[in-house]
Every structure is written in C-alpha cells, then in structure tokens.
Amino acid sequence: MGRAVTVATCALNQWALDFEGNLERIVRSIDLARSKGARYRLGPELEICGYGCSDHYYESDTLLHSFQVLEKLLESPATQDIICDVGMPVLHRNVRYNCRVIFLNKKILLIRPKIALANAGNYRELRWFTPWSKARHVEEYFLPRIIQEVTGQETVPFGDAVLATKDTCLGAEMCEELWTPNSPHIDMGLDGVEIFTNSSGSHHVLRKAHTRVDLVNSATAKNGGIYLFANQKGCDGDRLYYDGCAMISMNGETVAQGSQFSLDDVEVLVATLDLEDVQSYRAEISSRNLAASKVNPYPRVKVNFALSYPDDVAVPTCMPIQWRYHSPEEEISLGPACWLWDYLRRSKQAGFLLPLSGGIDSSATACIVYSMCHQVCLAVKNGNADVLADARRIVHDETYIPEDPREFCKRVFTTCYMASENSSRDTCDRAKLLAEQIGSYHINLNIDVAVKAVVGIFSMVTGRTPRFSVYGGSSRESLALQNVQARIRMVLAYLFAQLTLWARGMPGGLLVLGSANVDESLRGYLTKYDCSSADINPIGGISKTDLKNFIQYCLENFQLTALRSIMSAPPTAELEPLVDGQVAQTDEADMGMTYAELSIYGKLRKIAKAGPYSMFCKLINMWKEICTPREVASKVKHFFRTYSVNRHKMTTLTPSYHAENYSPDDNRFDLRPFLYNTTWAWQFRCIDKQVSKLEKKEGISPVEDVD
C-alpha cells in the first residue's frame, strides 16, 4: 500500500557563527540520510548559524549569512529528492523569528516560526526572538532575492501549518514546545498528523536524559504517531554542552537511539516505520477519536512527494528498543570530556595545564582530561578522520596517530603541584602518583620564595609583618597570608601555561583548567583570583558528592589506584601551617558546614526558590530527626551570611561546564545581586519568631536570639 516511510534525524556539532563548518556538517548529514534511503531529514534548532549566537542574532550579518547558507543548500545536489528541514533565524515584517525552513527540490515548502520560546535557566530566547502567536495562521513571506533566484518563488507560506504529502501528514514543533503543557503535537495529532518533528538545542544536565526521553515517548503514547527528535551536540562556544540523544519514537516506544556523548560531529539516525501501525494504534483509542472530531484544522501545505515507495510489502521496519541510560558517573566522565575536546580543538591551543593539588577536585579534573584522551583514541580507532586531523594539528605532527590514552595525555596535558611550607608530603605524593598513572607531563615546584617576596614587599612598606593565627596573628592576617599563596599559584599557573611548551622546545600554549566544584562556588569557599581563576573549569557545575562517586568510578574503570588514597583523605586547602607535620586545616571545618549540607542548601536556594525563611521551614521537617529548630535556624543563617558575603566572587567565576541545576553561575543562569545586606535582618527575625513559637509549643524556655 505504500505506507512504509523512511525518515532521518540527526545530532550535529554546530558552532556559533561557523557558517562554513555548519554548512559542511548539514550537507554531510543529508548525504548520510539519503544514502540510507531516507526521504525526510530533520536537523537541530538554528543549525545554520549555530544555536549559541546570543546577541549576534541582532546583527543583520547573521540573517544575511544564514540565507547565504540556505542558498547553498538549495543548490546542492545532496538536497535533491529528500525533504530537508533546517533551522535558522528569519526576519518577517521586521520581527525576528526562530524558524524551521522546510524545502524540497529547490522549492521552499514552509517556514515555520517557533511558538513557545525557551526563556528560563540558561535560555534567553525572548531577548532575541518573538514567539509566533497566531495559531493555525499562515501569511506570505517575501523571499530575499538570492533565494528567489534559486527557487523561482517570490513568496512562500510562513506560519503555523503542517505538510501533507502523498502518503502522510507531518507537523513540526521546536524544542521548548515539547516541554510546554499544551504542546502543538497534541492538536496536530488530533488533526491527523502522523509524523511529528522536534528540532532542539537542549543541553546536558546530570540525570536529565530520562526526562527528555519520557517526554518524546509520551508525545505519541496517548495520541499515536511517529516522533523525530534532533538535537545539537558539543560545545558551540559557551558553558553548555549539547548532548545529542537524537531519537525516533513510535506509539510511545523508542525505535532508534543516538549517542548522548561522542566526538562524532555528525550523527544520523534513520528508521523505516509503517504508518499502518500508527492508524491501528489510534483506531482503538475512542477518547482520542472523539477529541479529533472536534479539533480545529491546521492549514495544510500540499507536497507532491511521498515518503514511501509504492511496492513496500517486503520492506523491513524498525522494532522498539530499550533506551540505555548512562549513570551519573559515566555522564561526568563523558560530557565534560567531550566539552574539553571541543574547546581545545576550536581554541587552537596545544593542550591543558592543571594545578594538581592531590585533592578530590583537581584529581577529578585530571581524570576528566584522561577520559577525553580515551575518547580521542577510541574515535580514531573507529575511523573518525575529523578527530585524527584535530589531534595531529594539536600536537603539530601530521603523521601522529593517538592510540594510547596515556601517551596522548603526555602530549596534551601538563599537571603542576605547587608546594608551599604548608603542604604535606602526602598530597605531593598523591599528585605525583596520579600524574604517572594518567601519563601527564608533571611539574613539581615550590612557591615559598614568591610568597616571601610578596609578603616582604608589604612588610617593607608598612613596617608590619602578618602572622598566621597559630603564631599569634589575627584572623585577618591569617586569611591574607592564605590568599597570597592561593593567588601566587594562579599567576604561576598562567606563566607555566604560556611558556612550558616553549621551554620544552614545542610550539603552542596551554589552556589553564580550574577545579572549584559547584558547592565551593555557592559557599564562596575560594580565593578570588586564585587557581579557581582559569580559562575553563570542567567540574564547576558538579557537586562534591557526585565528584566523590566519579572518583570511585575512575578507580574501578580506569584502574587509577592513586585515587584510593585521594578518596580517603579529608578535603583541605593546605594554606595554614602544618601541626607536627600533619594537615590541621580541613574544608568542612573552615566552611562551618558539610558538603552534603551545601548541596541541600544549593538545591533549596535555586531549584526550590527558597529564601532564608522558606529554607528554614523546609529544613525543620527534613532534618527533624537530627536537628532542633534552633540548630536548623543557626545553620540556615550561617549559610546565607557566608553565601551573601562571598557572592561577589561569582562575578569573576571561571566559565564552567553546566551540569547542575543549582549552579551559582552569575553569567546568565543564576542572576542575583553581588552586594547584599548580609545581616538579613528582616528574614532572620522571621526565623527567630518561628523558632520561639515552636519551642513554646514544645515547652522549651525561650532564648533571646538564635545564632
């Protein structure tokens, strides 16, 4: 009957404003789709210009170059006899829209503007685009002359419509529209649309994949149909890693799964599916059919083309599969590693430098770089010519083939242990052993000469010499001396990043990696302009708890036995003097809270939108078995005081891989003041009143204040 359709979706590693590279990857994906028999190809959101153009969307250049790429696509032999669905910005009647441009054989069929824009968290689409608010309405769009000359069309349909081919009906929705309560696919399905497409720019967050997959499958579980999901992948120029997961679903079940993390710039999924299965599935859902009889119809753009072939009885169709999810530890191992690779190759640097302290955070960062080296070697082994070419350019050797992750790590990764008189032998040994096991080029140096020189300048000018607390100094003196050590490490990190390869007779420079985790940043437990200040930070969006689990994962999967002692050691900054040769300073004692508590505070503050009073009210129930209300009040107050005192540090936070929804990233995710009234007088007074009420109810004598 001619009802077996072959359709393709893809994940592309597009780069903002890289029009030439983006065009090449789009054409390659279309070629692959055609070679596998597909008659329809769906690509990611805004794939022509790249999703992360930000304020470049305001520029007429971005619109012009997008149409120039579209012109090349229309003229390309690769786009013949296949419906191509590409994403780009379009200006219609002086209003900028985020659009899908759907074309076939040098003719534009429909320009479909996005209806629901993503405008929360990392997304700011309403800043650059306007949502199309005219449901089921189509207008004429006058094409630019360069497109008219190719298509022979003066105007094309622009708006909320669907495509009616000879054998089926297709409807498009875009990214955020899948996540809205009243998604377009609901009414489109009721109006007879059988194939739904979703072009996305969806980024990675730990433990998010199942939500996305459930949404795609549920889109057709109630209503029947085929659903194609395309997504961007990789780092397209900022803190986000777009994690692919292209997929095809039918009648609520996954039939094709793409990778979440890989170094392949182009990944195409193709599935052959029987539209009779959609009709059969819908036939017995009486509630759906009753609703369908009342739905307002969509405008249909007729297409003289079929997605199936007349004689398709013997054509095999795809069967449902079980989605394979990564564990959080695997996500940490793979996501930031792919992000680092994109950043390294696109920045045209020669590698990374990491101040390796021998603690969990810097060790986790080192393990992520080692995982990156694993991914590179695996991709080359699997025949990825792009990765091989990038690796050869990075190491400046046109004959080089990366086969051993440790050997490749030696070429692109430098670690540096910066000892002071306050450093222990244990951390030095741990850093050295880990560097040996991953294969990095390791440097041991001592910063005491530089520290004494800087403090000496202060003493010479003021006539005063600051001392640590253990030697009778004030807390101000002790903190200043700790900060001098931390900041000198940052200066030395950049010096060695610029000149280490020069000293070794090798070309290029190194990117400096930071290693402050999301909890430390939230609390502000870091020195402004210390080693947390770097070029990029692959763990800045990951919690201490998840990093500990990741270290255990690396110990088991990479056989890095050095991590065993790193895991068992208490986290410490090693900035205060040793006591009897042993570390006396620990992170949690310094902070006045545990890392587990910090994660809870962070999630309540950001995800649950809790201020001091709301957080207190939630925690007195969460912690009722372990803390009195008065103790909870003291903890909440301490957190908000220290958080607000240190919030200014977030304005200079190193760009970090976004992996956690309670990230304090000040750039665009977590927008807050950085000059607070740190007394929180009104808020804390509300907490005190509630504590008094609870204690009175329990028969406890009231105390004057809660601190």
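Is leucine 675 buried or exposed? In this predicted model, leucine 675 counts as exposed, because its relative accessibility of 77% lies above the 50% cut-off. The residue belongs to the loop that runs between H23 and H24. Its C-alpha atom is separated by 7.9 Å from that of valine 645, a residue 30 places away along the chain.

The loop leads on to helix H24, which spans residues 681-697. With 17 residues, H24 reaches 24 Å from its first C-alpha to its last, close to the 24 Å expected at 1.5 Å a residue. The buried residues of this helix are Phe684, Ile687, Asp688, Val691 and Glu695. They sit on the same side of H24, because the arc they cover around the axis is only 100 degrees. A helical repeat helps in reading such a pattern: with 3.6 residues a turn, an α-helix has residues three or four places apart pointing the same way. The buried residues of H24 pack against two helices, H22 (612-622) and H23 (629-646). On the face turned away from the buried side, the exposed residues are Trp682, Lys689, Lys693, Lys696 and Lys697. After H24 comes glycine 699, with a positive phi near 80 degrees.

Attention now turns to the nonpolar interior. The largest nonpolar core holds 64 residues, and the members that touch the most others are Trp341, Phe352, Met372, Phe408 and Phe413. Helix H11 (residues 360-381) gives the most to this core, contributing 13 residues. At least three residues come from each of domain 1 (4-324) and domain 2 (329-446 + 492-591). Tryptophan 341 offers a good view of the packing: beyond its neighbours within four places in sequence, it is in contact with Leu263, Met372, Val376, Val387, Asp390, Ala391, Ile394 and Phe408. A second core, separate from the largest one, has 49 residues, among them Leu12, Tyr57, Trp128 and Val156.

A final site of interest is serine 478, which is found in helix H16 (residues 475-503). Serine 478 is classed as buried because its relative accessible area, 3%, falls under the 20% cut-off. Apart from residues up to four places away in sequence, serine 478 touches Arg467, Phe468, Ser469 and Glu576. Serine 478 and leucine 675 thus make a handy pair for inspection, the former buried and the latter exposed.

Definitions and conventions:
Residues numbered from 1 in each chain as written. Predicted model: local features only at pLDDT ≥ 70, side-chain atom pairs only at ≥ 80, totals over all residues. Heavy atoms only, no water. Core = buried A, V, L, I, M, F, W, Y, C linked by side-chain atoms within 4.5 Å. Buried < 20%, exposed > 50% of the residue type's maximum accessible area, 1.4 Å probe, protein only. Helix = DSSP H or I, 4+ residues; strand = E, 2+ residues; numbered from the N terminus. Domains from an automatic or database assignment. Contact = heavy atoms within 4.5 Å. Expected span 1.5 Å × (residues − 1). Arc of directions from axis to C-beta.
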